[in-house]
Amino acid sequence: MSLVVLDPLTAVLVGLLRRNGIRLAGGVTVLDVCANWIGNWQWVQDDPSRLLRPVGLLPITRQGR
């Protein structure tokens, strides 16, 4: 839920070319990756091979080939 506040704030600071915006963007990215790993840790332990199956935009963009 904190990304709802942090993402727009980061976008504004980066848009204004503030150094703090760049640092905040890096911090938000690190926190987001950590939160995703924590949230998905159980299925990673249950089925590690699931990481090898692409999800999201990758399968969509590769279908046209």
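The following legends describe close-up views of a predicted model of one protein chain.

**Figure 1. Overall arrangement of the protein chain.** The predicted chain contains 3 helices and 0 strands, and its elements follow the pattern α-α-α along the sequence. Of the 65 residues in the protein chain, 6% are buried. The chain exposes about 5700 Å², of which carbon and sulfur atoms supply 65%.

**Figure 2. Helix H1 and the surroundings of Thr10.** Helix H1 covers residues 2–15. Its 14 residues reach 20 Å from the first C-alpha to the last, close to the 20 Å expected at 1.5 Å a residue. Thr10 belongs to this helix. With a relative accessible area of 9%, Thr10 is classed as buried because this value is under 20%. When neighbours within four places in sequence are left aside, Thr10 is in contact with Gly21, Leu24, Ala25 and Val28. Two of these partners, Gly21 and Val28, are listed among the buried residues of H2.

**Figure 3. Leu17 in the loop between H1 and H2.** Leu17 follows H1 and lies in the loop that separates H1 from H2. Its phi is positive, at about 55 degrees, although Leu17 is not a glycine. Most residues other than glycine have a negative phi. The side of the classification on which Leu17 falls is clear from its relative accessible area of 76%: the residue is exposed, because the value is over 50%.

**Figure 4. Course of helix H2.** Helix H2 comprises 28 residues (residues 19–46). At 1.5 Å a residue the helix should span 40 Å, and its end C-alpha atoms are 41 Å apart, which agrees. A bend of about 55 degrees is located at Asn40. The buried residues of H2 are Gly21, Val28 and Val44, and the elements that cover the buried residues of this helix include H1.

**Figure 5. Thr29 of H2 and Leu3.** Thr29 is placed in helix H2. Its relative accessibility of 47% lies between the limits of 20% and 50%, so Thr29 counts as partly exposed. Thr29 and Leu3 are 26 residues apart along the chain, and their C-alpha atoms are separated by 9.8 Å.

**Figure 6. Nonpolar surface patch containing Trp41.** Val33, Trp37, Trp41 and Leu51 form a nonpolar patch on the surface. Together these residues have about 410 Å² of accessible area. Trp41, one of the members of the patch, is located in helix H2. Its relative accessible area is 43%, and Trp41 is therefore partly exposed, the value lying between 20% and 50%.

**Figure 7. Contacts of Trp43.** Trp43 is found in helix H2. A relative accessible area of 25% makes Trp43 partly exposed, because this value is above the 20% limit for buried residues and below 50%. Apart from neighbours within four places in sequence, Trp43 is in contact with Pro48, Arg50 and Leu51. Of these partners, Leu51 is also a member of the nonpolar patch formed with Val33, Trp37 and Trp41.

Conventions
Residues numbered from 1 in each chain as written. Predicted model: local features only at pLDDT ≥ 70, side-chain atom pairs only at ≥ 80, totals over all residues. Heavy atoms only, no water. Helix = DSSP H or I, 4+ residues; strand = E, 2+ residues; numbered from the N terminus. Buried < 20%, exposed > 50% of the residue type's maximum accessible area, 1.4 Å probe, protein only. Contact = heavy atoms within 4.5 Å. Areas by Shrake-Rupley, 256 points an atom, 1.4 Å probe, with all protein chains shown as cover. Expected span 1.5 Å × (residues − 1). Bend = angle between axes of the 7 residues up to and from the residue. Patch = residues over 30% accessible without salt bridge, like charges linked within 9 Å, V, L, I, M, F, W, Y side chains within 5 Å. Salt bridge = Lys/Arg side-chain N within 4 Å of Asp/Glu carboxyl O.
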